[in-house]
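Take a look at the chain below. This report walks through its helices, its strands and one of its loops.

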Amino acid sequence: MERIQKTSHYLLAVFNILLIALPLWNLTQWIFIETKTIDIPDALNFFGMLEQTVKTPEGIVNLSQIERTSSLKIMGVMTGFFGVLPFFLGVLVLKSLFKNYQRGEIFSLQNAKHYRQLGWLFFLDALLVQPLSGMLLVLLATLSNAPGHRYISIHFGTPNLEALFCGLLVIVISWVMIEGYRLSENDKFTI
């Protein structure tokens, strides 16, 4: 139990950092989107993290190379937030879950409900958020193109199916945990 509580303490610190870093990272990418990546020293742009590319029907577009207005930048920030929203909410749920673990509450009804919430977040992320976020990024990347070269395309592929499967699996596991908790509660009152 002590190991779980200690690990939960460290993971809570990681989740707190993620809750601050995710929105800041999204904002940073769009603030510096006009900066050409060749102007950035490799130390600051390791692994091309400041580059945002989008796969459009006409090929891969680097967002730093498109013509953009303030409204397009705002739309980009909102699209970025929309794309990471399920992950952000998932971190909040994980934070609640690991707070319970830190308090020594391992097999509780609340924890099973947290797992169910995580499963639904996986599921909705794969089914709706990622395809819609991708669609908005394609629109964003092609909106400044000449008429006839602007696109709205929605993709749904194998990664989405894998995430859907994982989401369904976590939801079913949470149902099992909830049922196990109820059986355990019934046994407590059986003489």
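Start with a helical stretch. Residues 161–178 are 100% helix and 0% strand, and their end C-alpha atoms lie 26 Å apart. This is a predicted model, so every value here is computed from predicted atoms. The span itself comes from a record: an unreviewed UniProt entry lists residues 161–178 as "transmembrane region", along with 12–33, 74–98 and 118–141. Residues 74–98 can be set beside 161–178.

| Span | Distance between end C-alpha atoms | Helix | Strand |
|---|---|---|---|
| Residues 74–98 | 34 Å | 100% | 0% |
| Residues 161–178 | 26 Å | 100% | 0% |

**Two packed helices**

Two packed helices are described by the angle between their axes and the distance between the axes. Here the pair is α1, residues 2–31, and α2, residues 70–102. Their axes lie 9 Å apart, at an angle of about 175 degrees. Angles over 145 degrees count as roughly antiparallel, so α1 is roughly antiparallel to α2. Which residue classes make up the contact of α1 with α2? There are 20 nonpolar, 8 polar and 3 charged residues.

**A small hairpin**

Next come the strands. Strand β1 covers residues 53–56, and strand β2 covers residues 59–62. The two run antiparallel and are joined by 4 bridges. A hairpin of 2 residues links β1 to β2. Two of the bridge pairs can be named. Val 54 in β1 partners Val 61 in β2, and Thr 56 partners Gly 59.

In a regular strand the side chains alternate between the two faces of the sheet. Now look at β1. Val 54 and Thr 56 form its covered face. Thr 53 and Lys 55 form its uncovered face.

**The loop between α3 and α4**

Helix α3 spans 109–142 and helix α4 spans 158–188; His 155 is in the loop between them. Ser 153 lies in that loop too.

Is Ser 153 buried or exposed? Its relative accessibility is 15%. Buried means under 20%, so Ser 153 counts as buried. Leaving out residues up to four places away in sequence, Ser 153 touches Pro 57, Met 135 and Val 138.

What does His 155 touch, on the same terms? The contacts are Lys 55, Pro 131 and Asn 160. Lys 55 is on the uncovered face of β1. His 155 and Met 135 are 20 residues apart along the chain, yet their C-alpha atoms are separated by 7.5 Å. Met 135 is also one of the residues that Ser 153 touches.

Terms used
Residues are numbered from 1 along each chain as its sequence is written. This is a predicted model: local features need pLDDT of at least 70, side-chain atom pairs count only at pLDDT 80 or more; totals for chains, interfaces and linings use all residues. Side-chain values use heavy atoms; hydrogens and water are left out. Axes are lines fitted to C-alpha atoms, for helices over the stretch in contact, and angles run from 0 to 180 degrees between N-to-C directions. Angles under 35 degrees count as roughly parallel, over 145 as roughly antiparallel, 65 to 115 as roughly perpendicular and the rest as oblique. Ala, Val, Leu, Ile, Met, Phe, Trp, Tyr, Cys and Pro count as nonpolar, Asp, Glu, Lys and Arg as charged, and the others, Gly among them, as polar. Two strands pair if DSSP finds at least two bridges between them. Contact means heavy atoms within 4.5 Å. UniProt positions are given in the numbering used here, feature names are shortened, and annotations may be inferred rather than shown by experiment. Buried means under 20% relative accessible area, exposed over 50%, partly exposed in between (1.4 Å probe, protein chains only).
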